[in-house]
Amino acid sequence: MENLFLRVLTLSLTASLVLLPLLALAPRLHHRYAGRTFYVLWLVLAVRLVLPVQLILPEPAVTVELPPSQAVTVPAAVRPRAEAAVSDVPQSAGAAEPAPAAPEAGRTFSWTQLGTWLWLGGVAALLVYQGAGYALARRKLLRDAEPGSEEETALLAALAAGLGVRRAPPLLRTADAASPMVLGLARPVLLLPEGQLPEEALEVVLRHELTHLKRRDVAYQALLLLARTVHWFNPLVWWMGREAGRSLELCCDDAVVRGRDEAFCRRYGSVLLRTATGGRMPLSTQFGGGKGQLKARLGNLFRKKRNSAALVCIALACALLCTSLVACEQAKLTPEEALDALEDSIAVEGDRISFTVPKHCGPEDLWEITVSGLSETEEGVVSLHYFENEAWKAGQGYAVGMTTEVWQTVTELTLEACPPQAYGTGTYTAARLGRTIDLLALWRTANGLPAEDIGEWNRMAADAAMDALEGSMTYDEGTVTFTLPKLDLPEELWRVQISGQAETAELGGISLHYMEDAEWTPGETYILEIPPEQWEEITQLSLDAYCTAQPDSDFLGFEGTVDLLAGYREANGIRGDALVYENEARGLTLTLPGSWKEYGACQEGEDSVIFYCAALGPETGGIAQVSFLDEPLEAVTDRDTLLGCRPGCYVYSYGYQVPLPALQQATREVRSRYNALYEDFQHRLILSFNDGLPVLPSDKPDFSFNGTTFSCGNQSWDITSRIKAATGIVSAVPVGDKIVVECHVGPKNGAYCIFDTASKSFEANLQGNHLTWYNDDITTAVYSFWSDVYAYDGRMIKSYDLAEDAYIYDLAFSEDRNALHVTIVHGDGTEEADVIDL
């Protein structure tokens, strides 16, 4: 219904561009052209106005995008919602049952929704008003009406036969009729006022009204009434209705006097003067008319005018052109805007949390929403799962309803959402989750409980606390020293468990447990001593830390793990359990940490090696290809990274991008492994040459990034000051004297900030994906945004007409940079290649 309203609104506004000059010039044009010209003209425009079919050119000159994010909140009635079902919760724990819909304090509408309801209300009110007015007036006119005399009826039948009217209407007389008229569309009647008219005058009146019937002028008026009703908000349409009624009478007058002499015209005019009356009711024609129209009708009887088909054609062409040049479209939400809309729709009403799946963000069946958590019952900790097989519908509300007692047992409840992705993504962002929303924290806050006890504090403090714990660790031969972080909490309970496995000659595999009786106090420093010979037998050793802010609960507020064995081996230069690739011909070694040993693999080729996720395979799970070249690359793209070099040996890493269909079909565990492998490859890959000399440093500026903070030299910048929606920095790549900072702004959405190392400032923002450049020259860069390809200066290179489930997957320059290779992936997973000549 919103789309219909938008089409009507667009049609009304564009048609006004034709109506305004025509209506303004109508008085002058009436002196020149016959009433029939305007009769046809208003008919054509009325038909166009009541048919809100959007006739859009292949490329509209103007496209008006309506921002769906703008909304208002108004009081609302009860809204039916799909209630969640809870699984894996024992009934004895007060399992959540579908809660009855509670009255809402308010409901959020977009302005298009409000406009739609206002428009429909106006249409309904006008239909009721006009319909009731017509019904009451017809009843009043016919209530005391009496049949006409036999002479009048015979004259009516003779005139009807002469004019070709197949069936003469009933002829009635009534005191309530101010003027002769034809009343009704389906069952017309001809009404005459009381009092006898001379026979010549009666003939003129009957001929006029029969001409109206023959021309179907009541249907013409019904069409005008429908146009006014649909476009009740447009005063130009009402003005057109008045002018059309005037043209209708002029056209009928012309038809009656056509071929008659001046004496007949004078007699006709005298009858008009005698029956002059004001006012008009719906679905009727009146012989007389208001005094304002009477002068024009009398003058029209004696003035010769010409019809103009050209004027009608020009007006019609203008109407069609104006209504086709403008397209009014609902703007699509970006993935980040869709997530914002989803989060903004969350409402807490007592013990019920509701949310609405946003509209205008792509195919709704591609939403991935998971609501899950943990509940601590008498039987132990159990998992909560909501909406497991839900078919999400855009605009539909959903709710989680539980009793207060059940809520108090919940220790974790989150909503993880990934919006529909109809377009491509940035490099290496394919497997990233959309957004996690802490529903438990929202419920606690709405019910007057401190959210930081479990929810918000849990999410914000966990990473910082574990980073501080791991950062405090030092390894001195076999001794590990660490300090428990001191957090700003009224209650702070830590549990630390140090355990692992070892392979001994005497006992074989054994379990290890250290410091089991220690009392863990925030701010205190602890020492773990293990003899070096025992370290050699250890195959796994980790520190599991748990912290809670609930002293009366066994729930672990957050937890983290530190790999002590990996830290010990790294501190002492021991490779240990890692994926190691050795190239004896080149005299070098590539070492990757333990995640690669367990989940990764490599495949050697000629002067190169491919590193990939073992669960996905080298074809669809490639992380990067490392190449060994005799000379440095002449053309370096955004995916090429120089890892190190020796004279005659240059080691480059070329980043792959996983095909989205393969990754989306993988399990969450596999996607998580892929992310871990990618992160470890980017940040923990070690290149070493067998000669023992350090890897030659590349000429790169001193920069780093952490979270949303980018640092260069001794200065730092928060990237969210430039891109508000940024949730983190994915990569930073030097390109000449610039640094391309890629930001993560959604699960599959990207943006880039270009940093100038000379001026130490950001000079450009680029919103899109697949930023690719040539030969260390950022001005050669191209990137994609939705279904379009742009140059670095913002110039559109090419636009693709893609289905909603298709997207641009990759951009790559040809070797001579004379062409750009574009890869498009369709919804069924098939790929299409295109080449753009540059």
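# Why these labels?

Reader: Why is Gly617 called buried?
Author: Gly617 has a relative accessible area of 13%, and buried means under 20%, so the label fits. Keep in mind that this is a predicted model. Gly617 lies in helix α18, residues 617–620. Gly617 and Ala601 are 16 residues apart in sequence, with their C-alpha atoms 8.6 Å apart in space.

Reader: And what makes Lys597 partly exposed?
Author: Its relative accessible area is 48%. Partly exposed runs between 20% and 50%, so Lys597 at 48% belongs there. You'll find Lys597 in helix α17, residues 594–599. From Lys597 to Leu677 is 80 residues in sequence and 10.0 Å in space, C-alpha to C-alpha.

Reader: On to charges. How do you know that Glu243 and Arg246 form a salt bridge?
Author: Check the distance: N to O is 3.8 Å for the side chains of Glu243 and Arg246. The cut-off is a Lys or Arg side-chain nitrogen within 4 Å of an Asp or Glu carboxyl oxygen, so this pair counts as a salt bridge. In general, side chains of opposite charge can pair when their charged atoms come close.

Reader: Why are Glu243 and Arg246 about one helical turn apart?
Author: Because Glu243 and Arg246 are three residues apart in helix α7, residues 235–257.

Reader: Which of the labels buried, partly exposed or exposed does each of Glu243 and Arg246 get?
Author: Glu243 is at 11% relative accessibility, so it counts as buried. Arg246 is at 21%, and that makes it partly exposed.

Reader: What makes Arg586 a partner of Asp607 and of Asp630?
Author: Distance again. The closest N and O atoms of Arg586 and Asp607 are 3.7 Å apart. The pair links distant parts of the chain, 21 residues apart: Arg586 sits in the loop between β25 (579–583) and β26 (588–592), Asp607 in the loop between β27 (600–605) and β28 (608–613). For Arg586 and Asp630 the N to O distance is 2.9 Å. That pair also links distant parts of the chain, with Asp630 in the loop between β29 (622–629) and β30 (640–646), 44 residues from Arg586. With a cut-off of 4 Å, both pairs qualify as salt bridges.

Reader: Why are Asp607 and Asp630 called partly exposed?
Author: Asp607 has 41% relative accessibility and Asp630 has 47%. Exposed would need over 50% and buried under 20%, so Asp607 and Asp630 are partly exposed.

Reader: How many salt bridges turn up in the whole structure?
Author: A search finds 13. Some link up: Asp340, Glu343 and Arg435 are in a network of salt bridges.

Reader: What makes Asp144 exposed?
Author: Its relative accessible area is 52%, and exposed means over 50%, so Asp144 gets the label. Asp144 is in the loop between α3 (111–143) and β5 (146–147).

Reader: Which residues gather with Asp144 in a patch of negative charge?
Author: Glu146, Asp176 and Glu194 join Asp144 in that surface patch. Patch members need over 30% relative accessible area and no salt bridge, and Asp144 at 52% clears that area cut-off.

Reader: Last one: how many disulfides does the search find?
Author: Zero in the whole structure. A disulfide would need two cysteine sulfur atoms within 2.5 Å, so zero disulfides means that no pair meets that cut-off.

Reader: Are Cys265 and Cys712 buried or exposed?
Author: Buried. Cys265 has a relative accessible area of 6% and Cys712 has 3%. The limit is under 20%, so the label holds for Cys265 and for Cys712.

Technical notes
Residues are numbered from 1 along each chain as its sequence is written. This is a predicted model: local features need pLDDT of at least 70, side-chain atom pairs count only at pLDDT 80 or more; totals for chains, interfaces and linings use all residues. Side-chain values use heavy atoms; hydrogens and water are left out. Buried means under 20% relative accessible area, exposed over 50%, partly exposed in between (1.4 Å probe, protein chains only). Patches are made of residues with over 30% relative accessible area and no salt bridge: like charges are joined within 9 Å, nonpolar side chains (Val, Leu, Ile, Met, Phe, Trp, Tyr) within 5 Å. Accessible areas come from the Shrake-Rupley method with a 1.4 Å probe; for residues, only the protein chains shown count as cover. Lys and Arg count as positive and Asp and Glu as negative; His and the chain ends are not counted. The place of a charge is taken as NZ of Lys, CZ of Arg, CG of Asp or CD of Glu. Helices (H or I, at least four residues) and strands (E, at least two) are DSSP runs, numbered from the N terminus.
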